[in-house]
Amino acid sequence: MKRLNNKGMTTVEILITFVIIVIIVVSMYASISSLKNKETIESYKESIVTYKNLLTKDIQDDLIINSLTGVEINDSNNKVTLTFKNGSKKVLEVISASSCENAGKELGDLCSNPGSIRYGDSDNMIDYPVPNLGSDKIDTASGGEKTVYSLKIYSVNINTTNNILNVKIQLYHPDLGTKYSINIVSPINYE
């Protein structure tokens, strides 16, 4: 019968065990980091979807319940006045990132204003600011700092083709692109 070596672990055995543990820890770290990034992206999606659903519901409720009869569009400042069957008027105003002051002079298409949407009676408008999903501070040519928000209102398209109101507000985020947007469509004077 052969005797086993019961004198302890050899250096090679300790080294192999250490290498295996390091490989397991590194792969777990990569997995956890990837999972954290996915969690962050999903929370961004949830914030954007909640924002657009709340805003769309408020506007659609008025369009459906009060029946839209007239639309006045002011393209210069993305402002729409909606007239309803009961005689009331509501205003939808979109302040996009590209319409903020000095956009494009120092930072290309970057702007320190993420934009906002206002909706309601002309004297009592509710402000729907774009959710803050992160920002970066960058140096300007004048030596100061400017805050650039990740999520912003990218483009606005409002028209009344074929007696149908079509409002499309595109939201942009570097991780999500322009996939999420607010689309509101309603017939005008529909009986």
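Me: How many helices and strands does the protein chain have?
Reply: This is a predicted model, where local features need pLDDT of at least 70, side-chain atom pairs count only at pLDDT 80 or more, and totals for chains, interfaces and linings use all residues. Residues are numbered from 1 along each chain as its sequence is written, and side-chain values use heavy atoms, leaving out hydrogens and water. Helices (H or I, at least four residues) and strands (E, at least two) are DSSP runs, numbered from the N terminus. From that end the order is α-β-β-β-β-β-β-β-β-β-β, so the count by this definition is one helix and 10 strands.

Me: Which element gives the largest share of the largest nonpolar core?
Reply: That core is a set of buried (under 20% relative accessible area, 1.4 Å probe, protein chains only) Ala, Val, Leu, Ile, Met, Phe, Trp, Tyr and Cys residues joined through side-chain atoms within 4.5 Å. It has 29 residues, and Leu 82 and Ile 117 touch the most other members. Elements with at least two residues in it include β2 (79-84), β4 (116-121) and α1 (11-66). The largest share, six residues, comes from α1.

Me: Is Ile 32 buried or exposed?
Reply: Ile 32 sits in helix α1, and along with Val 12, Ile 16, Ile 20, Ile 24 and Met 28 it forms a nonpolar patch on the surface. Exposed means over 50% relative accessible area. Ile 32 has 54% relative accessibility, so it counts as exposed.

Methods: Patches are made of residues with over 30% relative accessible area and no salt bridge: like charges are joined within 9 Å, nonpolar side chains (Val, Leu, Ile, Met, Phe, Trp, Tyr) within 5 Å. Accessible areas come from the Shrake-Rupley method with a 1.4 Å probe; for residues, only the protein chains shown count as cover. A salt bridge is a side-chain nitrogen of Lys or Arg within 4 Å of a carboxyl oxygen of Asp or Glu.
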